[in-house]
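Student: I have a structure open on my screen and would like to learn how its labels are earned. Could we go through it together?

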Amino acid sequence: MAPVLERLADKNVEKVRIVKVDANKHRTWAAKENVRGVPAFRLYSGGMLVDQFAGAYPEKIMQQKIDKYAGSLTASAASTSSKDKEGKEGDAPKEPTVQPMPKDWLPPGVTAE
């Protein structure tokens with residue numbers, strides 16, 4: 001799956017962040033995330049788990065999942081952005097739709113950079 005994930009990361013650099021975690025090396029994190037088999041995938045949107053699956057999937061299916069979740073984020077962010085521009089004076093600023101993942105969701109020693 002590594003070559004597929006690398007291609008997807010390159011193709012979708014503006015949409016998603018793909019992070020690989022060695023479940024054997026980070027067993028506590030894997031247990032917390034309920035990883036039962038590898039490869040295991042977790043898709044987060046707005047800090048919330050939106051999909052999870054295990055097993056090797058074709059690149060096309062993985063791209064469809066990225067498009068499904070990243071596409072809805074992009075549409076929501078654009079919608080919020082256009083509403084903000086038309087907002088009334090005195091309206092409280094709206095929180096951005098897309099927010100970064102909390103730093104503590106990764107196991108120690110693993111970075112999302």
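Student: Which residues do ring pairs link into a cluster?

Tutor: Ring pairs join F41, F53 and Y57 into a cluster. Keep in mind as we go that this is a predicted model.

Student: What makes F41 and F53 an aromatic pair that is stacked?

Tutor: Their ring centres are 5.0 Å apart, and the limit for a pair is 6.5 Å. The planes meet at 20 degrees; since stacked means under 30 degrees, the label fits. F41 lies in strand 1 (residues 40-45) and F53 in strand 2 (residues 48-54), so this pair ties together parts that are 12 residues apart in sequence.

Student: Are those two rings' residues buried or exposed, and how do you know?

Tutor: F41 has 10% relative accessibility, and F53 has 10% as well. Buried means under 20%, so F41 counts as buried and so does F53.

Student: Why is the pair of F53 and Y57 called edge-to-face?

Tutor: Here the centres are 5.1 Å apart, with 80 degrees between the planes. Edge-to-face asks for over 60 degrees, so the name applies. Y57 itself has a relative accessible area of 32%; partly exposed covers the range between 20% and 50%, so that is its class.

Student: What lies over the face of F53?

Tutor: That is K65, at 4.5 Å from the ring centre. The distance cut-off is 6 Å, so K65 meets it.

Student: What makes E59 and R7 a salt bridge?

Tutor: Their side chains come to 2.8 Å, N to O. The rule asks for within 4 Å, so the pair qualifies. E59 lies in helix 3 (residues 59-86) and R7 in helix 1, so the bridge ties together parts that are 52 residues apart in sequence. E59 counts as buried at 18% relative accessibility, whereas R7 is partly exposed at 41%. Salt bridges with shared partners also join R7, K11 and E59 into one network.

Student: How do you know that R42 and E33 form a salt bridge?

Tutor: The closest N and O atoms are 3.9 Å apart. With a limit of 4 Å, that pair counts too. Both R42 and E33 are buried.

Student: Where do the partners D67 and K15 lie?

Tutor: These two meet in a salt bridge at 2.8 Å, N to O. D67 is in helix 3 and K15 in the loop between helix 1 and helix 2, so parts 52 residues apart in sequence are tied together. D67 is partly exposed, with a relative accessible area of 35%, and K15 is partly exposed at 43%. By the salt-bridge rule, the count comes to 6.

Student: What pattern does the protein follow along the sequence?

Tutor: It reads α-α-β-β-α, which fits its 3 helices and 2 strands. Of the 113 residues, 25% count as buried.

Student: How confident is the predictor, and where is the pLDDT below 50?

Tutor: The protein averages a pLDDT of 73, and 62% of the residues score at least 70. Residues 73-88 fall below 50, with 9 contacts beyond near neighbours in sequence. Residues 93-100 are also below 50, with 8 such contacts. Where pLDDT is low, the predicted coordinates should not be read in detail.

Technical notes:
Residues numbered from 1 in each chain as written. Heavy atoms only, no water. Phe/Tyr/Trp six-rings, centres within 6.5 Å; stacked < 30°, edge-to-face > 60°. Helix = DSSP H or I, 4+ residues; strand = E, 2+ residues; numbered from the N terminus. Buried < 20%, exposed > 50% of the residue type's maximum accessible area, 1.4 Å probe, protein only. Lys NZ or Arg CZ within 6 Å of the ring centre and 35° of its normal. pLDDT = per-residue confidence, 0-100. Contact = heavy atoms within 4.5 Å.
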